[in-house]
Amino acid sequence: MAKNRQPILKRCKTLGIDPTVMGVSKSTNRNPKQGRRKQSEYGLQLNEKQKAKFIYGVLEKQFRKYYVMATKSTGVTGENLLQILESRLDNVVYRLGFANTRREARQMVSHGHILIDGSRVDIPSYLVKPGQAITLTEKCRGSVRTKAVLEQNAMTPVPAWLELDRNTLQGKVVALASRDDIDFDINETLIVELYSK
């Protein structure tokens, strides 16, 4: 399986992303590169697509598949695309505060630490539906690392489309994410324009 091993800070700087979006609190001291020429329309569209792919940890083949799904759904294609990306299990685990980064959440899912409605699911790209409950396995709850992460994220607010019972550590998808729930700067219209050429 292909993996992006490029340093997160370096990639964030290239794409113009705030590292906190990736769950990283570090920042770079280097000055951003000043572009010598104005970016073309295609360049802007490509940059937005690369940004979305990097934030959610999705490769091109799967990203295009999500775009096709978004075009077939009713509503605005760009918003549908972001909704699908937010519904990924690794993203939901991250949003619930069970992990500090989406990469860490993906690893938790891959290692079988996540249960959906009581059944183990180890596919990070699994699309969670409204009404489904997400919990941690007993083994995962007892680990020192998980306890530290949960304590660290205890004050982090959970998005409106999710519900979390901090006592039982059970999360629930109340509804699909809306455009207003996306907490980072991305222009999904440019991505749609790029694919619709």
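Two strands are treated as paired if DSSP finds at least two bridges between them. With that rule in hand, the tour may begin; the model on display is a predicted one.

**First stop: the sheet**

Select strand β1, residues 114–116, together with strand β3. The two strands run antiparallel and are joined by three bridges. Within this pair, Ile 114 stands opposite Leu 136 of β3.

Next, add strand β5, residues 170–173, to the selection. Strand β3, residues 133–136, is also antiparallel to β5, again with three bridges between them. Here Ile 134 has Gly 171 of β5 as its bridge partner.

Now show the whole sheet. It is open, it has five strands in the order β2-β1-β3-β5-β4, and its pairing is antiparallel. Which strands stand at the edges? They are β2 (119–120) and β4 (162–165); each has a single partner strand, so one side of each is left without a neighbour in the sheet.

Return to β3 and display its side chains. In a regular strand, side chains alternate between the two faces of the sheet. Ala 133 and Thr 135 lie on one side of β3, and Ile 134 and Leu 136 on the other. All four are buried, and both faces of the strand are thus covered.

**Second stop: Val 128**

Move to the loop between β2 and β3 and select Val 128. Is this residue buried or exposed? Val 128 has a relative accessible area of 3%, and it counts as buried because the limit for that class is under 20%.

Display the surroundings of Val 128. Leaving aside residues up to four places away in sequence, Val 128 touches Ser 87, Leu 89, Val 92, Ile 116, Ile 134 and Val 173. One of these, Ile 134, was met above as the bridge partner of Gly 171. Another, Leu 89, is 39 residues from Val 128 along the chain, yet the C-alpha atoms of the two are separated by 6.0 Å.

**Third stop: two helices**

Select helix α3, residues 60–72, and helix α9, residues 188–195. Two packed helices are described by the angle between their axes and the distance between the axes. For α3 and α9 the angle is about 95° and the axes are 12 Å apart. The helices are therefore roughly perpendicular.

To view the contact itself, show Glu 60, Phe 63, Arg 64 and Tyr 67 in α3, then Ile 191, Val 192 and Tyr 195 in α9. By class, five of the contact residues are nonpolar, two are charged and none is polar.

**Fourth stop: salt bridges**

Side chains of opposite charge can pair when their charged atoms come close. How many salt bridges does the model contain? The count is nine.

Begin in helix α2, residues 41–56, where Glu 48 and Lys 51 lie three residues apart, about one turn of the helix. Their closest N and O atoms are 3.2 Å apart in a salt bridge. Both partners are buried: Lys 51 has a relative accessibility of 7%, and Glu 48 has a relative accessible area of 10%.

Select next Glu 86 and Arg 95, whose side chains form a salt bridge of 2.9 Å, N to O. Both residues are buried.

Finish with Arg 88 and Asp 90, where the side chains also meet in a salt bridge, at 2.9 Å from N to O. Arg 88 is buried at a relative accessible area of 1%, and Asp 90 is likewise buried at 1% relative accessibility. Elsewhere, Lys 49, Lys 53 and Glu 60 are joined into one network by salt bridges that share partners.

Key. Residues numbered from 1 in each chain as written. Predicted model: local features only at pLDDT ≥ 70, side-chain atom pairs only at ≥ 80, totals over all residues. Heavy atoms only, no water. Axes fitted to C-alpha atoms, helices over the stretch in contact; angles between N-to-C directions. Parallel < 35°, antiparallel > 145°, perpendicular 65-115°, else oblique. Contact = heavy atoms within 4.5 Å. Nonpolar A, V, L, I, M, F, W, Y, C, P; charged D, E, K, R; others polar. Buried < 20%, exposed > 50% of the residue type's maximum accessible area, 1.4 Å probe, protein only. Salt bridge = Lys/Arg side-chain N within 4 Å of Asp/Glu carboxyl O.
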